[in-house]
Amino acid sequence: METAQARLTVLFEAPFWVGLFERESEGRYSVCKVTFGAEPKDCEVYQYLLDHWHTLAFSPALTTRPPDTRPVNPKRRNRLIQKQDGIGTKAQQALKLQQEQGKLARRSRTRQQREEEQERKFRLLQQKKKEKRRGR
């Protein structure tokens, strides 16, 4: 039976508070970064989660290896949790991949708009030439 995990980390990246939503299911890992602005209260974060979970733009899924199933000593687990600072490397990789895909999409969209604008200007010039020849 597959399990799904979701994790939320709220951290301060000057000058804003940021929420990092991570989800992992069926060996796939994806992440979404949300900027809150001022420090959010627990109830505000929970309400945001309920209202916007389905509209969050998660990164493309990365494959993950299955976690170790052997039990971890509670003291070791606490030490590992305290050692973590904010965003993990998996999350950084996923966010970077999402940023690269957004950049490629933005470039292609901008290129298409530029070509359409050039085509429009060219047609306008051709129309003006025709009108001059007709003596209008």
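Glu-26 is exposed, with a relative accessible area of 61% (exposed means over 50% relative accessible area, buried under 20% and partly exposed in between, using a 1.4 Å probe and protein chains only). Its place is the loop between strand 2 and strand 3, and its phi is near 55 degrees, a positive value in a residue other than glycine. Welcome to a predicted model, in which local features need pLDDT of at least 70 and side-chain atom pairs count only at pLDDT 80 or more, while totals for chains, interfaces and linings use all residues. Residues are numbered from 1 along each chain as its sequence is written, and side-chain values use heavy atoms, with hydrogens and water left out.

**Overall build**

- The secondary structure of the protein comes to three helices and four strands (DSSP runs numbered from the N terminus, with helices being H or I of at least four residues and strands being E of at least two).
- Read from the N terminus, the elements follow the order β-β-β-α-β-α-α.
- The protein has a radius of gyration of 25 Å, whereas a compact globule of 136 residues would have one near 14 Å (the radius is taken over C-alpha atoms, and the globule rule is 2.2 Å times the number of residues to the power 0.38).
- Along the principal axes, the C-alpha atoms fill a box of roughly 90 × 35 × 25 Å.
- Buried residues make up 18% of the 136 residues.
- About 11700 Å² of the protein is exposed, and carbon and sulfur atoms supply 50% of that area (accessible areas come from the Shrake-Rupley method with a 1.4 Å probe; for residues, only the protein chains shown count as cover).
- Of the contacts with a separation of 6 or more, 52% are between residues 24 or more positions apart (contact means heavy atoms within 4.5 Å).

**The sheet**

- Four strands form an open sheet in the order 1-2-3-4, with antiparallel pairing (two strands pair if DSSP finds at least two bridges between them).
- Strand 1 (4–13) and strand 4 (62–63) are the edge strands, each pairing on one side only.
- Strand 1 and strand 2 run antiparallel and are joined by 10 bridges, one of which partners Leu-11 with Val-18 in strand 2.
- These two strands, 1 and 2, form a hairpin with two residues between them.
- Pro-15 lies in the loop of that hairpin, between strand 1 and strand 2, and the peptide bond from Ala-14 to Pro-15 is cis, with omega near 5 degrees.
- At the other edge, strand 3 (residues 28–37) pairs with strand 4 in the antiparallel sense over two bridges; Arg-28 has Thr-63 in strand 4 as its bridge partner.

**Helices against the sheet**

- Helix 1 (residues 42–52) packs on the sheet, where it touches strand 1, strand 2 and strand 3, and its direction makes about 125 degrees with that of strand 3 (axes are lines fitted to C-alpha atoms, for helices over the stretch in contact, and angles run from 0 to 180 degrees between N-to-C directions).
- Helix 3 (residues 89–134) lies across strand 2, strand 3 and strand 4, running at about 80 degrees to strand 3.
- How far apart are the end C-alpha atoms of helix 3? They are 68 Å apart, which agrees with the 68 Å that its 46 residues should span at 1.5 Å a residue (the expected span is 1.5 Å times one less than the number of residues).
- Ala-91, Ala-94 and Leu-95 are buried in helix 3, and the cover over the buried residues of this helix includes strand 2, strand 3 and strand 4.
- As background, an α-helix has 3.6 residues a turn, so residues three or four places apart point the same way.

**Residues to look at**

- Glu-24 sits in strand 2 (residues 16–25) and is buried, with a relative accessible area of 17%.
- Beyond its neighbours within four places in sequence, Glu-24 is in contact with Thr-3, Ala-4, Gln-5, Tyr-29, Thr-64 and Lys-90.
- Leu-97 belongs to helix 3 and is partly exposed, with a relative accessible area of 31%.
- Leaving aside neighbours within four places, Leu-97 is in contact with Pro-60 and Leu-62.
- Leu-97 and Glu-22 are 75 residues apart in sequence and 14 Å apart in space, C-alpha to C-alpha.
- Arg-134, also in helix 3, is exposed with a relative accessible area of 57%.
- Arg-134 and Tyr-29 are 105 residues apart in sequence and 65 Å apart in space, C-alpha to C-alpha.
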